Each structure stands twice: as C-alpha cells, then as structure tokens.
Amino acid sequence: MEIAVISGKGGTGKSSITAAFATMQSNIVLADCDVDAANQYILFAPTQDEEEIYISGFKAIIDKTLCTNCGVCVDFCRFDAIFDIGGEVEIDQISCDGCKLCSRVCPEEAISMVKEDKSRMYSGNFRNGKMVYGRLAPGEENSGRLVNLVRSKAKEIAKANNIETIILDGPPGIGCPVISTITGVDQVVIVTEPTLSGLHDLKRTLEITSKFKNKTSVIINKFDLNSEMAAAIEDYCHSQAISVIAKLPFDKVVVDAMVNCKSVIEFASESLIANLLIEVYQKLITDN
Amino acid sequence: MKIAIASGKGGTGKTFISTNLFNTLQKAGKKINIVDCDAEEPNDREFISGILQDTFKVLQKVPVIDQNKCTFCGKCNEYCNYNAIFFLGEQHVIRVIEDQCHGCGACSFACEFGAIIEKDDLQGTVAQYKISNNSSLIEARMKVGVHSPVPTIKAAIKAASGADFILFDSPPGTSCPFIQTVVTSDYVVLVTEPTPFGLSDLKQSVETLKSLGKPCGVVVNRAGLGNNEVFSYLENKNLSLLMTIPFDRDIASIYSKGELLTNADMEWEQKFNQLFTSITIEYGNSRN
C-alpha cells in the first residue's frame, strides 16, 4: 500500500512525521516526492545505487549568426520571453517556457531548443529498506512528472523486493506535484498546524483531495501551541467528514532527532510523540 | 526598491517576516506595497486587513478543437511540446488535456484547417487591497487544480508597481515560481531555521541566487531549536545575518492567531525597523 504525507502549508512537520513512519518497520520503500526541496536523504544517507537523468523541459536559444532580427518570434511568444532590445532579439531564459513555437516560426531556422537535464532521480538502500528521491535542479519546472517518475520507481522496487508498504513524503502547496503525489495512493495524511494559516491552507488542500477518492485523514501537529485553533481545525475537519487521526504536542525532541539525523522513533522511542506516531501508523496500515 | 522574502524550505517564516516588515514600514509612513506571491497557499491577508480595491482574473488561452473541421492530420499533436493533445489518428480521436496545456498557441499555429479556436481558461485571481493611504496588498491566488502558479504570480507582480518599496512574499522552493518572484527583486531576504533541513534548503537557495546574481541576506528564525551550524555556514560564506528571531511560544502564539508581532510588541517593531535598515545598507554595499 502507498501512504502519502502532504501538508499544504510548509513547515508543519510533514518530513519529520514521514521519517517516523519510515522507521517503524524494517522493510519499507521511502519515496521523497518533495523534489524541489528533498530532505529525507539528509536523515537517512541512502546509497546511490542508481541515478537517472530527468529532462524537465526545454529552453530556446538563438544562433546570432543566423538571426536577422526580423522579430517574428517576438510576436508569437506568449510568455513575454523574447524581446527586441534596440534592434537585437534576445530570449529571456527565465521566462522561456520551452514551447518551441519560436523555433518553428523562425524563417531563418536560427532558434534551437536545448534540454534542461540537470535534475536527477536517485534510488538505493537505507537502514529500513529502499529509498527513491528526486532532486529538481533550481529554476526548472516542477510539473509533477518527476514525482510520477519517483513513484513508478518506488513501485517497481517494492514489487521486485516484495515490499508491501511505500511511504511518500509530499511537497508543500496544492499544485501539480501534490496532485502527482496523491493520485491513486491508498492513504493521504495531511499534516497541519494550529495557526490561521494552517487552517486556511488545510481548506485548500482538502479542496484538492476531495477530487480524489483516497482515504484522507488529518494530523494536527504542535496542537498545544494554540489549543483553540486546534479545536477550530478539528471542528472544520468534522464538518467535512475528515477524521483527525492524531493531535501531536509540540516537543523539541523532534528537532533534536533531526539534528542527530534520526527519526523521532529512532532517537526517542519512549517519548510520548513516538508512541502517538506508532498508534497513528498502525491505524493507517490496518484501516485499508 | 523591491525586496523578495524567500526560503527553500517551507514554513520557515517567510510570511511572518514579510507581513511584519510591511506593517513596520507602513506605520512609518513609507509608500509600500506587499505582494503575496505564494499563489498556491496565500496567507498574507490573514495578517493584514484592508479594503478590496480591485480584482482581476488571470486567464490563459486553451485550444478548442472543432471536430467538424479537423482532418485528424495530427500536426497540432506534433507541435504540442506538453503532451496536451491526446491524438489517435486512425481512430479519429482527438482531445485537449486542458490541465497539461501551457497556452503557448503552437497548436493553433500548426492547424491549417481552422479547426482550432481558443477559449479563456481561469488560472487564478489577483486582488488588490488598500491598507492605508500609502500602502496596498496585492494577492496572487492560484485556482485550485491548475498546472502552475506562475501566470498568476507574474500578473500580481506586474500589478504591484508604483510604490517606493515593494515586498514579495515568495513561494517556497527554488523552482520556477521562486525564480519568477526573485528575478524582479533588487534584494532577497532568505528566511531559514537552524535545522539540517533548513540549512540544506538555504544552501540551495543561496547557490541559486548566486547564479542569478541577486544579493541576499539571511534571517534565522526559531533560533534555539536545532543547532548552530547555520551560523558557521553564514560566516564561512560571508553572508550577512540580518536578524535572529528566537523560538518563543509567545511569538508562535501571536502568529497562530493571525496577529502581527510588530503590533503586539513595540520592541519588535524597533527590531523590524533595524532589519529594514540592514537590508538597505546591504543592498547599497552590493552595488558598490
């Protein structure tokens, strides 16, 4: 089964909770789908047995020796990426979306497309099983395709090694990478925090998850930082028929675990928070 | 002067810094606008209230195929660089996958039979709120479910001109949405937390900004949690530490209620004034 941990708002504790889930049994596949800011490899230092190049898109470049500065490409570009600067046509690499239309319309065939090939996907072993993670190169488009790649690799590895459970650490936000992370998984866990922003972002996240048929539940992390807001979030979840499967207290031990490159299960197995997380995990894998 | 407040890792306190800096400068009578560029999960409005002045829709063109005129030649499918046209030539099946369309217009250009017309597709909304006589909030809000927040972010940034100072509350990460936000700014404030995840994502942001040639400084939030590695990193890289905010339950509680620290505590208003001074000095130095 696949369990995806997402959050909407960043910094709610998604990755720490995912790391805890990934260290409760010995035979697991951990897939870090937060390809824009992958962090699980920092805790688990997996082996890099395989490396795959991921082409995230294309960028247009002009061959100045062929360009006559006719400006046809400027007129066709819909991304405000091509400018006529004092009679010289220039492409702004940041705004270029890689659609290739400029290259197609150019009468001089002066524009070619180059691949954006700096992103990678890695897979290997970590102390509790197998791990797959993507690393998107800065500035490249996070379209969700790299997440799809990470997920299919994780499934392939799970199948080849007879591993039942795949844990997915999702990206923040509600865009394509999140949709790619939760599509078709068995359980979606949304980690939120008791702040007004947390509640606002949870509502938008539930708007996304409601479009899917996965089982969805909520963890309110650090609930004691504002118990009233935590209660408001619980009420909201109740009104949407979403179950709040845990309310976790704020505990510095979670950060201390991270500093020691361990999950809270490994670092402080006797702590209240570790015990609560074990309970949650049991619920998730049995309620399927 | 345009200042972007950004972070690789989510939830480090971008919105906290942006809204409090805005509030401080607004109270000091500066002509200032704040742009909430975190279009997936915009939160600034929970901290800053104002009167809605203007709102507009961000639209993108998507193709509509007239099945009567279509000859199923497949040229549009060939021209589409985003796999947004599903095409089975022999079976005479052609369909637009709107979620994948980037609105580049390549298919319309390709079609020789006038079978493709375009319609407007909603990407998000930009709303402008008047906060005081001298200040406004411009919010980019992506529509839930669309492929990218970038068109909405670009539209909001465009709408924000005309003030002496503009703050951009950036989206997390270092992919397209981040780049689009920081590229228009003069100076970037990176907000981090003193944890291994925070540091790893900070490093990635610093490297990215370096390649863009953008000057930046760092705010360390929640100091006291985690470790001191971030401080040695800043020293080694000769990066300026603009401000340190301790982890404090009172500060967390004020934030959680959607309130501004700089309204609740005069001392912090002073500190945010100092932050602004540091930013202007650092920016000045970067230009020498």
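**Exercise 1. Between which two elements of chain A does the loop with A:Gln48 lie?**

Let's place this residue in the predicted model, then look at its surroundings.

*Step 1.* Walk along the chain: A:Gln48 sits in the loop that links α2 (40–44) to β3 (50–54) of chain A.

*Step 2.* Now decide whether A:Gln48 is buried, partly exposed or exposed. Count the other C-beta atoms within 10 Å, and you get 14. A buried residue needs 20 or more and an exposed one has 12 or fewer, so A:Gln48 comes out as partly exposed.

*Step 3.* Next, look for partners from elsewhere in the sequence. Once neighbours within four places are set aside, A:Gln48 is in contact with A:Tyr122 and A:Gly124. A:Met121 is 73 residues away from A:Gln48 along the chain, with 9.7 Å between their C-alpha atoms.

**Exercise 2. Work out how the open sheet of chain A is ordered, and find its edge strands.**

*Step 1.* Read across the open sheet: its 9 strands follow the order β3-β8-β9-β2-β10-β1-β11-β12-β13 (chain A), and the pairing is mixed.

*Step 2.* For the edges, pick the strands that pair on one side only: these are β3 and β13 (243–247) of chain A.

*Step 3.* Check the twist: ignoring direction, neighbouring strands of this sheet are turned by 20° against each other on average.

*Step 4.* Zoom in on one pair. Strands β1 (residues 2–6) and β11 (residues 187–192) of chain A run parallel and are joined by 4 bridges. A:Ala4, for one, has A:Val188 in β11(A) as its bridge partner.

*Step 5.* Add a helix. Helix α5 (residues 145–160) of chain A packs on this sheet and touches β2 (28–32), β3, β8 (119–126), β9 (129–135) and β10 (165–169) of chain A. The direction of α5 makes about 165° with that of β9(A).

**Exercise 3. Describe the overall build of chain A, including its domains.**

*Step 1.* Start with the inventory: chain A holds 11 helices and 13 strands.

*Step 2.* Split the chain. Domain 1 takes 2–55 + 119–286, while domain 2 takes 57–116. Over C-alpha atoms, the centres of domain 1 and domain 2 of chain A are 40 Å apart.

*Step 3.* Get the dimensions: the C-alpha trace of chain A spans about 70 × 45 × 35 Å along its principal axes.

*Step 4.* Finish with burial and contacts. Chain A has 288 residues, and 52% of them count as buried. Among contacts in chain A with a separation of 6 or more, 75% join residues 24 or more positions apart.

Technical notes: Residues numbered from 1 in each chain as written. Chains lettered and ligands numbered in written order. Predicted model: local features only at pLDDT ≥ 70, side-chain atom pairs only at ≥ 80, totals over all residues. Contact = placed C-beta atoms within 7 Å. Domains from an automatic or database assignment. Pairing = 2+ DSSP bridges. Axes fitted to C-alpha atoms, helices over the stretch in contact; angles between N-to-C directions.
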